[in-house]
Amino acid sequence: MADEFLSVHDLSVSFGTEGGVARVLDQVSLSMRAGEIMGLVGESGCGKTTLARAILGVLPDNALIDSGTLTFDGADLLHAGATEHIRGRAITFVPQDPFGSFSPLFTVGDQIAELMRWKSPDRSPGERFYARARRSADMERTLALLRAVQLPEPERLLRKYPHELSGGQRQRVMIAMALLPEPKLVIADEPTTALDVTIQAQILKLLRRLATERGASVLFTTHDLGTAWEICDRVTVMYAGQEAETAEVVDFFGRPRHPYTRMLLDSLPTQGAALRGIPGEVPSPYAPPPGCRFHPRCPRATAICQDSHNAAVEPVAGHSVRCHHPHEWAAT
Amino acid sequence: MRLLALAARRCLWMPPTLLGLTLIVFSISHIIPSDPARVLAGENAPIEQVEALRRKFGLDLPLPQQFFRYVTDVVSGNMGISLYTQRPVADDLLERLPATFELAIYAMILAVLLGLPLGVVSALRRNSLLDHAVRVVTISGLAMAAFWLAILLQLLFSMKLNLTPVQGRIDGWGPDPITGFYTLDAVLRGDWEMLGSSLRYLALPVMPLAIPAMATIVRFTRAGVLNVMSSNFVFYQNAMGLPRRVVIWKYILRSALIGTLTQIGLVFGNLLAGAVVVEAVFSWPGLGTYAYNSILQSDYNAIMGFTLFTGTVFICVNLLVDIAQAVLDPRGR
């Protein structure tokens with residue numbers, strides 16, 4: 001598709017550890033359109049953070065890319081590696097941990113200035129000196145964006161050290177830093193997990209609004225279905241290193257087709273109903289079940305589910321599901 | 001401003017720390033079953049003479065009173081008379097101070113200049129051949145006793161190869177001191193022959209002090225760099241594509257240095273302790289040789305003076321380290 005600007009196809013990634021080889025991504029496919037807010041949901045350990053890291057080009061040293069392709073705006077990210085123009089410019093990052101993601105030894109202003117020195121939209125490739133004119137233009141831009149993320153007195157804030165800021169303030173600065181290079185794609189890896197629940201919604205809505213205003217797409221990983229519902233345009237759910245289902249947010253929550261999605265949504269607590277879990281356990285990535293990794297827990301599983309996982313059912317209205325026995329697509 | 005307040009606060013802690021140190025030094029030297037009055041008077045002196053000396057030096061007073069006297073004396077710069085040199089201990093110490101400091105400072109400079117880059121490089125190239133080689137050198141450096149290394153170096157370079165002088169600090173009698181640091185004096189005078197001579201004498205004694213100090217610095221720097229490399233802010237900076245050299249030499253190194261800096265303060269203490277035996281091996285006319293001789297002669301005032309003096313130096317160095325650390329790390333302020 002021409003409007004797909006991020007495309008992950010059949011990506012498999014393994015980690016070599018002392019306990020053996022763990023295949024944390026198993027033939028994952030995913031595509032994003034320009035300008036959309038995409039949610040990547042799943043339980044801890046389902047591989048969503050690894051996928052985010054693969055796109056950012058910062059997989060850990062023990063990661064092995066077994067197969068697949070990863071293209072962004074026509075560039076091969078997987079093998080060519082993210083270049084200077086992509087990493088931190090076209091693709092930026094909002095980390096999970098706003099506490100540890102600043103160096104404690106430099107002021108917030110110094111760290112933003114460092115980013116802008118290398119990643120400012122005004123910087124021409126190979127520029128070695130941080131010219132005064134560019135520096136002051138970058139400063140203007142920084143102050144404007146800090147106001148946009150609703151941080152009061154940005155001039156004073158720049159002189160502070162990270163530990164003098166609250167968690168919410170730090171994450172607002174992180175969002176500002178992710179938007180300052182005017183990226184096409186922001187990868188936000190559980191950006192609010194470390195924050196108080198009351199602040200989470202504010203920050204997420206802010207991220208969504210600012211990214212949309214600036215025409216940036218956001219790939220947003222979360223284990224919280226509620227936040228995915230609130231801010232995403234589309235949602236992909238992953239289970240044990242495989243993607244299960246991708247749909248518009250309304251369809252995803254309204255008429256899910258993958259048995260895992262259904263059971264996941266059913267397990268959400270509702271008023272007056274007893275808590276329901278999914279029987280069984282998430283498989284170990286060291287010895288995953290063959291084929292579809294959900295089949296040992298799946299009530300609809302048959303023999304074919306053990307053989308292959310590749311059967312992606314032809315998407316209906318952009319609703320794709322990777323299952324041999326999906327629930328019928330209910331037209332409403 | 002906050003930095004000044006911190007420095008002031010830390011300085012306020014110095015007198016009580018020193019008082020504690022004095023108490024320990026004083027107690028140890030008075031627990032030792034030996035009678036300074038008897039030592040002073042000589043083995044065959046009549047008992048009356050010993051008693052007279054005892055009264056003269058206040059050794060008949062109760063211990064707390066003696067301690068009080070010692071402290072008030074020390075505060076006014078009087079550390080007693082050395083039995084061995086028959087001179088005020090304070091004068092002896094001050095006279096020998098530059099020789100030891102020259103040795104210690106050169107050892108420290110060498111240790112830091114070699115240790116920091118080696119530590120950083122072996123962390124960056126973890127488990128490479130270089131890293132393993134550095135590890136072998138540093139572990140051996142820590143395992144070898146300073147006096148043994150000193151004797152070994154002396155045997156090899158002075159006796160066998162005839163490259164360096166066996167012992168002493170300079171050819172001839174040595175110049176009239178300006179600062180007492182011979183290399184500095186030589187530069188101040190523009191006397192290059194003297195500079196060469198003092199450097200040749202320095203070369204060997206510096207080694208057994210510098211090698212263990214360097215080993216400690218390498219190991220702490222390496223561990224510090226590895227630790228910081230796996231921290232979240234380094235991951236963030238990589239994900240945002242900051243140039244690798246900026247991440248390493250600006251952000252990682254500065255964080256890792258804070259841990260190394262604390263070690264440098266402690267290493268300096270080890271260096272002063274090591275100086276005692278190393279100076280004795282090379283007959284280096286510094287505090288170490290003085291302490292060594294005092295111990296052999298049961299010269300209590302001198303031993304107490306030396307311990308108190310080096311203790312004070314150690315506390316001062318660590319005070320400087322604390323301040324430097326606060327400059328580097330805003331969280332501690």
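Let me begin with one pair of residues in chain A: Ser7(A) stands opposite Thr71(A) in the strand β4(A). I should say at once that this is a predicted model, and everything I describe this morning should be taken in that light.

The pair belongs to the pairing of β1, residues 4-17 of chain A, with β4, residues 63-72 of chain A, where eight bridges connect the two strands in the antiparallel sense. These two strands sit within an open sheet of four strands in chain A, whose order is β2-β1-β4-β5 and whose pairing is antiparallel. At the edges of that sheet are β2(A), residues 20-33, and β5(A), residues 75-76, each of which pairs on one side only.

Let me turn now to another part of chain A, beginning with strand β3. This strand covers residues 37-41 of chain A and is mostly covered, with five of its five residues buried. As a reminder, in a regular strand the side chains alternate between the two faces of the sheet. In β3(A), Ile37(A), Gly39(A) and Val41(A) point one way, while Met38(A) and Leu40(A) point the other way, and all of these are buried.

Which strands does β3(A) pair with in the parallel sense? One of them is β8(A), residues 217-222, which pairs with β3(A) in the parallel sense over five bridges, and within that pairing the bridge partner of Leu40(A) is Thr221(A). Another is β9(A), residues 234-239, which runs parallel to β3(A) and is joined to it by four bridges; here Val41(A) has Val237(A) as its bridge partner.

From β9(A) we can carry on to β10(A), and here the sense of the pairing is antiparallel, with six bridges joining the two strands. Among the bridged residues, Val235(A) has Ala247(A) of β10(A) as its partner. The two strands form a hairpin with two residues between them, and in the turn Ala240(A) has a positive phi of about 45 degrees. Strand β10(A) itself, residues 242-248, is mostly covered, since six of its seven residues are buried. It also pairs with β12(A), residues 319-322, in the antiparallel sense over two bridges, and in that pairing Thr246(A) stands opposite Ser320(A).

That brings me to chain B, where the secondary structure consists of 14 helices and zero strands. Along its principal axes, the C-alpha trace of chain B spans about 85 × 50 × 40 Å. Of the 333 residues in chain B, 36% are buried, and if we take the contacts in chain B with a separation of 6 or more, 72% of them are between residues 24 or more positions apart.

One helix that I would like to look at on its own is α6(B), residues 89-124, which has 36 residues and reaches 50 Å from its first C-alpha to its last, close to the 52 Å expected at 1.5 Å a residue. The same helix, α6(B), nevertheless bends by about 40 degrees at Leu97(B), and a proline, Pro98(B), follows within four residues.

At the level of domains, chain B is divided into domain 1, residues 2-75, and domain 2, which takes in 94-170 and 206-332. Taken over C-alpha atoms, the centres of these two domains of chain B are separated by 32 Å. How many residues does each domain bring to the contact? Domain 1 of chain B supplies 16 residues and domain 2 of chain B supplies 14 residues. On the domain 1 side, the elements giving two or more residues are α1 (2-12), α2 (14-31) and α3 (36-41) of chain B, and of these α2(B) gives the most, with eight residues. By residue type, that side of domain 1 of chain B divides into eleven nonpolar, four polar and one charged.

Finally, let me come to the contact of the two chains, which takes 22 residues from chain A and 18 residues from chain B. On the side of chain A, the elements that give two or more residues are β6 (91-94) and α2 (108-119) of chain A, with α2(A) giving the most, at four residues. The chain A side of this contact is made up of eleven nonpolar, six polar and five charged residues.

Notes:
Residues are numbered from 1 along each chain as its sequence is written. Chains are lettered from A and ligands numbered from 1 in the order in which they are written. This is a predicted model: local features need pLDDT of at least 70, side-chain atom pairs count only at pLDDT 80 or more; totals for chains, interfaces and linings use all residues. A residue is buried if 20 or more other C-beta atoms lie within 10 Å of its own, exposed if 12 or fewer, and partly exposed in between; C-beta atoms are placed from the backbone. Two residues are in contact if their C-beta atoms, placed from the backbone, lie within 7 Å. Two strands pair if DSSP finds at least two bridges between them. Domain bounds come from an automatic or database domain assignment. Ala, Val, Leu, Ile, Met, Phe, Trp, Tyr, Cys and Pro count as nonpolar, Asp, Glu, Lys and Arg as charged, and the others, Gly among them, as polar. The expected span of a helix is 1.5 Å times one less than its number of residues. The bend at a residue is the angle between axes fitted to the seven residues ending there and the seven starting there.
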